[in-house]
Amino acid sequence: MSLQSILASIENWPVPTAAAAVVRADGAVLGSHGLVDQSFALASVTKPLAAYAALVAYEEGAIELDEPAGPTGSTVRHLLAHTSGLAFDEHRVTAPPGERRLYSNAGFEVLGDHVAKATDIPFGEYLRQAVLEPLGMTRTSLDGSPARDGVSTVADLVRFAAEVQAPRLLDPRTVLEAMTVQYPGTKGVLPGYGHQNPNDWGLGFEIRDSKSPHWTGVSSSPRTFGHFGQSGTFLWIDPVAGAACVALTDRAFGPWAVESWPPFTDAVLTALRA
């Protein structure tokens, strides 16, 4: 089956609206389907964008990855890697920093506040100046929490996925660090998929490794990294395949996504190999 036919199969997903695309590191869009310029709520796919902005702030010298941020003993790195000890959706400490992988929206909100204070620019505006505007992501915005309130399009996220694969805004070594496991061996719960041991994350990006079950495909390489969102959205980048895939919908994540996404990803990877 051709890649275009596979992308068109999102029409069979039980969602009102969906759009998807596959892009190479050189920015070439290998295929797309649906209204790629339609705006969708990203939910947690906001986090990789927010993390990228934080990494720009790091390279600009506004912050350091290992400077204190968040709860006592926590750093910017802890916040990016979901090991600060902050609870899921509350600004409440539930574990010592670095001890458990506690996926935390609160942690990313603290991160956004930290960057805003260091740069003296509201975080949504800093994201626009540091990432969105340079990449031409004119339909993407953040008005609210850096953990979940982003709005974007497939066309814009394709630009971001190309950037992450072949960085221009960041030193490639910084992006390599972002896709490298932080605090190896840390276990925790992957939202929607249960307890994972280990539950590997980089800096703002989830790393697939050997997690099972998972929202990517069974044939996805262990080096695959990205994020999915509770609004029925995902972005994965597979360095072995040399490509990234974006899919946005307007139906909340649930059993339909657990069933639909992995075979879709496997089909995309098969087409790429062919």
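Here is a short, friendly tour of this predicted model, covering its sheet, a helix pair and some aromatic contacts.

1. A good place to start is the sheet. It is open, has 6 strands in the order β2-β1-β11-β10-β9-β8, and its pairing is antiparallel. At the edges sit β2 (29–33) and β8 (206–207), each of which pairs on one side only.

2. Next, look at β1 (residues 18–24), which is joined to β2 by 4 bridges in the antiparallel sense. Across from A21 you will find S32 of β2. Helix α6 (residues 154–165) packs on the sheet, where it touches β1, β2, β9 (225–229), β10 (233–238) and β11 (243–249). The direction of α6 makes about 25 degrees with that of β1.

3. Now for two helices that pack together: α2 (residues 46–59) and α4 (residues 105–119) meet at an angle of about 35 degrees, and their axes are 11 Å apart. Their crossing is left-handed. From α2 the contact uses K47, A50, A51, A54 and A57, and from α4 it uses N105, F108, L111 and V115. These residues divide into 7 nonpolar, 1 polar and 1 charged.

4. Aromatic rings deserve a look too, with 16 pairs counted. W215 and F228 form a tilted pair, because their ring centres are 5.8 Å apart and their planes stand at 55 degrees. W215 belongs to the loop between β8 and β9 and F228 to strand β9, so this pair ties together parts 13 residues apart in sequence. Both W215 and F228 are buried.

5. F234 and W261 make an edge-to-face pair, 5.0 Å centre to centre with 70 degrees between the planes. Since F234 lies in strand β10 and W261 in helix α8 (residues 255–273), the pair ties together parts 27 residues apart in sequence. F234 and W261 are both buried.

6. Finally, one aromatic cluster includes W215, F228, F234 and W261, along with W13, Y193, F253, W256 and F264.

Key:
Residues numbered from 1 in each chain as written. Predicted model: local features only at pLDDT ≥ 70, side-chain atom pairs only at ≥ 80, totals over all residues. Heavy atoms only, no water. Axes fitted to C-alpha atoms, helices over the stretch in contact; angles between N-to-C directions. Left-handed = near helix turned anticlockwise from the far one by under 90°. Contact = heavy atoms within 4.5 Å. Nonpolar A, V, L, I, M, F, W, Y, C, P; charged D, E, K, R; others polar. Pairing = 2+ DSSP bridges. Phe/Tyr/Trp six-rings, centres within 6.5 Å; stacked < 30°, edge-to-face > 60°. Buried < 20%, exposed > 50% of the residue type's maximum accessible area, 1.4 Å probe, protein only.
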